[in-house]
Amino acid sequence: MILSMKDICKDFPLGKDAVVHILKHINFELKEGDYAAIMGPSGSGKSTLMNLIGFLDTPTSGDYIFDGENMAGKSDNQLAEVRNKDIGFVFQTFNLLPKLSAQENVALPLLYAGVSKKERMQRAEEALVRMGLEERLKYTPDRLSGGQSQRVAIARAIVTKPRLLLADEPTGALDSASGTQIMEIFQQLHDDGATILMITHDAKIAAYAGQQYQILDGELSVREEGENE
Ligand code: ADP
Ligand code: MG
């Protein structure tokens, strides 16, 4: 088991003395090598859940066991350490640094991990070659297409060999051909043993995953074949 969430709730403050319940009693598990998708309409709580799973935010209540350890009560520094070591993020809008080349963008997480410059650049190159971008190492993001930018972002997410790859609407900003290409890359990573959790509002994209869940109004459930299409 990589992670297990038990009765997780997330509230946000609403005005002075009220709260809004965004995530409601979430129970969710992910095993080594799983490929899961969470579907849900805009505003249903998908990104909030992903932020909790990736230690970008903390729950209001409930237990989050990651890699056998209860993460409740960990300090921000401890959570950041787990996040940097064990989680790779892919976002809808790529989030590449505009002044850095593709290779420098991919190498960046290794800097925080304390890897030497030579090894950083070497490993970044390998990750980009794996994404079919060997011709684009020195390109800055403004010279890359959306699909290429997302492949750079995936290379950056996997270069540290994380335990878990989290993707929030990874095809949301792409045309359908580029989106399909990204799904083929995820399939390849999954075949090579990666554990992937993807968030999407697109049923065609969710269908690539082995397990499908849906979130509606902050409540998570297993999604049956063909539901809400
Ligand atoms: P999704 O990713 O499914 O579109 P989000 O998880 O981003 O949805 O948001 C779910 C709900 O929580 C939305 O109604 C949003 O306005 C609200 N929300 C998200 N973040 C905050 C926050 N920091 N403070 C208050 N409300 C928030
Ligand atoms: Mg979202």
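The overall fold, the surroundings of ligand 1 and the position of one helical residue are described here for a predicted model.

The secondary structure of the protein chain amounts to seven helices and 10 strands. The C-alpha trace extends over about 50 × 40 × 35 Å along its principal axes. The radius of gyration of the protein chain is 18 Å, which agrees with the value near 17 Å that a compact globule of 229 residues would have. Of these 229 residues, 47% count as buried. The area exposed by the protein chain is about 11,600 Å², and 48% of that area is supplied by carbon and sulfur atoms. Contacts distant in sequence were also examined: where the two residues are at least 6 apart in sequence, 70% of the contacts in the protein chain join residues at least 24 apart.

Ligand 1 is surrounded by F12 and I22, together with the residues P41, S42, G43, S44, G45, K46, S47 and T48. By class, this shell consists of three nonpolar, six polar and one charged residues. Among the contributors to the shell, helix α1 (residues 46–53) gives the most, with three residues. Polar contacts to oxygen atoms of ligand 1 involve both backbone and side-chain atoms of the protein. A polar backbone atom of G43 is 2.7 Å from an oxygen atom of the ligand, and a backbone N or O atom of G45 lies 3.1 Å from an oxygen atom of ligand 1. From the side chain of S47, an N or O atom is placed 2.9 Å from a ligand oxygen atom. Ligand 1 taken alone exposes 560 Å², of which the protein buries 55%.

A124 was considered as a single position within the fold. This residue lies in helix α4, which comprises residues 117–130. The relative accessibility of A124 is 0%; because the limit for a buried residue is under 20%, A124 counts as buried. When residues up to four places away in sequence are not counted, A124 touches Q103, V106, A107 and V159. With respect to T195, which is 71 residues apart from A124 along the chain, the separation of the C-alpha atoms is 20 Å.

Definitions and conventions. Residues are numbered from 1 along each chain as its sequence is written. Chains are lettered from A and ligands numbered from 1 in the order in which they are written. This is a predicted model: local features need pLDDT of at least 70, side-chain atom pairs count only at pLDDT 80 or more; totals for chains, interfaces and linings use all residues. Side-chain values use heavy atoms; hydrogens and water are left out. A residue is near a molecule or strand if one of its heavy atoms lies within 4 Å of it. A polar contact is a pair of N or O atoms within 3.5 Å; within protein, one must be able to donate a hydrogen and the other to accept it, and residues adjacent in sequence count only if both atoms are side-chain atoms. Accessible areas come from the Shrake-Rupley method with a 1.4 Å probe; for residues, only the protein chains shown count as cover. Helices (H or I, at least four residues) and strands (E, at least two) are DSSP runs, numbered from the N terminus. Ala, Val, Leu, Ile, Met, Phe, Trp, Tyr, Cys and Pro count as nonpolar, Asp, Glu, Lys and Arg as charged, and the others, Gly among them, as polar. The radius of gyration is taken over C-alpha atoms; the globule rule is 2.2 Å times the number of residues to the power 0.38. Buried means under 20% relative accessible area, exposed over 50%, partly exposed in between (1.4 Å probe, protein chains only). Contact means heavy atoms within 4.5 Å.
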